[in-house]
Amino acid sequence: MERDLYGPDHEAFRDTVRTFLAKEVTPHHERWEKAGVVDREVWRSAGRQGLLGMAVGEEYGGGGAGDFRYSAVLIEEFARAGASGLALSLHNDIVGPYLTRLATEEQKRRWLPGFVSGDLVTAIAMTEPGAGSDLQAIRTTAADRGDHYLLNGAKTFISNGILADLVVVVARTTPEGGSGGQSLLVVERGTEGFERGRNLDKIGQKAQDTAELFFHDVRVPKENLLGEENQAFAHLMGNLAQERLAIAVGAAAAAEDILDVTTRYVKEREAFGRPLARLQHIRFEIAEMATETAVTRTFVDRCVTDHSEGRLDAMHASMAKWWATELQKRVVDRCLQLHGGYGYMTEYRVAKAFLDSRVQTVYGGTTEIMKEIIGRSLLR
């Protein structure tokens, strides 16, 4: 089915992304996987190519394009390239909106030019060792000390945690329990008491630096409060729909890509004297996956359109996220099976796709949390 989601400008941007991946990412990704982190310079290269801060105002060096479809193009091409190490979508689509929507003019002048150029890599620190998806259980505290906050606590599973220069930290600024009394504080690299723990050893997405972060009496100036004090939960809820849609876009593209890879494989691979594609079971497997990915693509594209027009709600973003990521996991598993023993070999694309895809149903809100959001929306 021909897609009508994108126009000529989006497709021209797609060509730019593909060229960047071919020159700056794909040749180095295996080395980054072994190192557990990408080269710092590739972030600056992404900035020079206009791949950072597409939605940031032109006065700060950004693209000035609030159209989420540009982000969707970038996410799709990174997914199809298997480029899981360079977390541009986290920077652009998850952290970016907090800076563009909540930052003061002084903060924007201070941070956004570096955000766009790649000189300032960003991360957001929500998850804690004992909290997981439960944001209301956050224990990191930020005590008011007049002209600064005194930040104490620990975060884990923080993507871009090693390279990040700016970390948006969710901390409790009042003793009140539940969702009240939390604030967003921006902690900058080099701040005394801010320490990075291990670059965590994951089963997949190994080139993406994921770290533990520790805060020991960190003095965060009041000028680094992002948004309103004690309103972090509302700020977070307002941005989660885009985060979940971004994950869904990548999941749908990754499922389509590995299905394409597997379709070519079964046409070429022979068993019992004939190509695998001649076997009815193989044809049925490909037919089922092709149908499921096509249906998913249609829904995700509609969500992208709605989001670009300001109409996407939390319920449909949650639907897209859980369905597309569960589909990705299911398709990759079936494609690995169709590769037989070769699918278990890391030199084959499907093996890496299998490992990289497993976290998709976990981060950004687990499948179970997505279903809870949908159920509450329908049954309230």
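Helices (H or I, at least four residues) and strands (E, at least two) are DSSP runs, numbered from the N terminus. With that settled, let's open the structure.

**Before you click**

You are looking at a predicted model, in which local features need pLDDT of at least 70 and side-chain atom pairs count only at pLDDT 80 or more, while totals for chains, interfaces and linings use all residues. Residues are numbered from 1 along each chain as its sequence is written, and side-chain values use heavy atoms, with hydrogens and water left out.

**Stop 1: the N-terminal domain**

Select residues 8-119. An unreviewed UniProt entry places the feature "domain: Acyl-CoA dehydrogenase/oxidase N-terminal" here; UniProt positions follow the numbering used here, feature names are shortened, and annotations may be inferred rather than shown by experiment. Over this stretch the chain is 67% helix and 0% strand, with the end C-alpha atoms 30 Å apart.

**Stop 2: the whole chain**

Now zoom out. The chain holds 11 helices and 10 strands, and its C-alpha trace spans about 80 × 50 × 40 Å along the principal axes. The radius of gyration (taken over C-alpha atoms; the globule rule is 2.2 Å times the number of residues to the power 0.38) is 21 Å, which agrees with the value near 21 Å for a compact globule of 380 residues.

Colour by accessibility next. Of the 380 residues, 52% count as buried, where buried means under 20% relative accessible area, exposed over 50%, and partly exposed in between (1.4 Å probe, protein chains only). The accessible surface (Shrake-Rupley method, 1.4 Å probe; for residues, only the protein chains shown count as cover) comes to about 17,400 Å², and 52% of it belongs to carbon and sulfur atoms. A contact map is worth a look too, with contact meaning heavy atoms within 4.5 Å. Among contacts between residues at least 6 apart in sequence, 74% join residues at least 24 apart.

**Stop 3: helix α1**

Select residues 8-25. The expected span of a helix is 1.5 Å times one less than its number of residues. For the 18 residues of α1 that gives 26 Å, and the end C-alpha atoms are 25 Å apart, which agrees.

Which residues of α1 are buried? Show His10, Phe13, Arg14, Val17, Phe20, Leu21 and Val25 as sticks. They cover an arc of only 125° around the axis, so they sit on the same side of α1; the arc is that of the directions from the helix axis to the C-beta atoms. On the other side of α1, Pro8, Ala22 and Lys23 are exposed. Add α2 (29-35), α3 and α4 (68-80) to the view, as these are among the elements that cover the buried residues of α1.

**Stop 4: Ser45, then Lys352**

Stay with α3 (residues 40-48) and pick Ser45 in that helix. Ser45 counts as buried because its relative accessibility is 4%. Leaving aside neighbours within four places in sequence, Ser45 is in contact with Phe20 and Glu24.

Then jump to Lys352, in helix α10 (residues 349-357). With a relative accessible area of 26%, Lys352 is partly exposed. What does Lys352 touch, not counting residues up to four places away in sequence? Label His29, Glu33, Gly82 and Ser84. For a distance check, draw a line from Lys352 to Arg14: their C-alpha atoms are 24 Å apart, with these positions 338 residues apart along the chain.

**Stop 5: two backbone angles**

Most residues other than glycine have a negative phi. Centre on Phe157 in strand β3 (residues 148-159), where phi is near 60°, a positive value in a residue other than glycine. Phe157 counts as exposed, at 57% relative accessibility.

Gln205 is the next pick, in the loop between β6 (194-199) and β7 (210-221). Its phi is positive, about 45°, although Gln205 is not a glycine. Buried or exposed, at 12% relative accessibility? Gln205 counts as buried.

**Stop 6: the C-terminal domain and α11**

Select residues 234-379, where UniProt (unreviewed entry) places "domain: Acyl-CoA dehydrogenase/oxidase C-terminal". The chain here is 77% helix and 3% strand, and the end C-alpha atoms lie 22 Å apart.

Finish on α11 (residues 367-379), whose 13 residues reach 18 Å from first C-alpha to last, close to the 18 Å expected. Thr367, Met370 and Ile374 are its buried residues. They cover an arc of only 65° around the axis, which puts them on the same side of α11. The face turned away carries the exposed residues Glu368, Arg376 and Leu379. Switch on α7 (232-268) and α9 (314-339), which are included in what covers the buried residues of α11.
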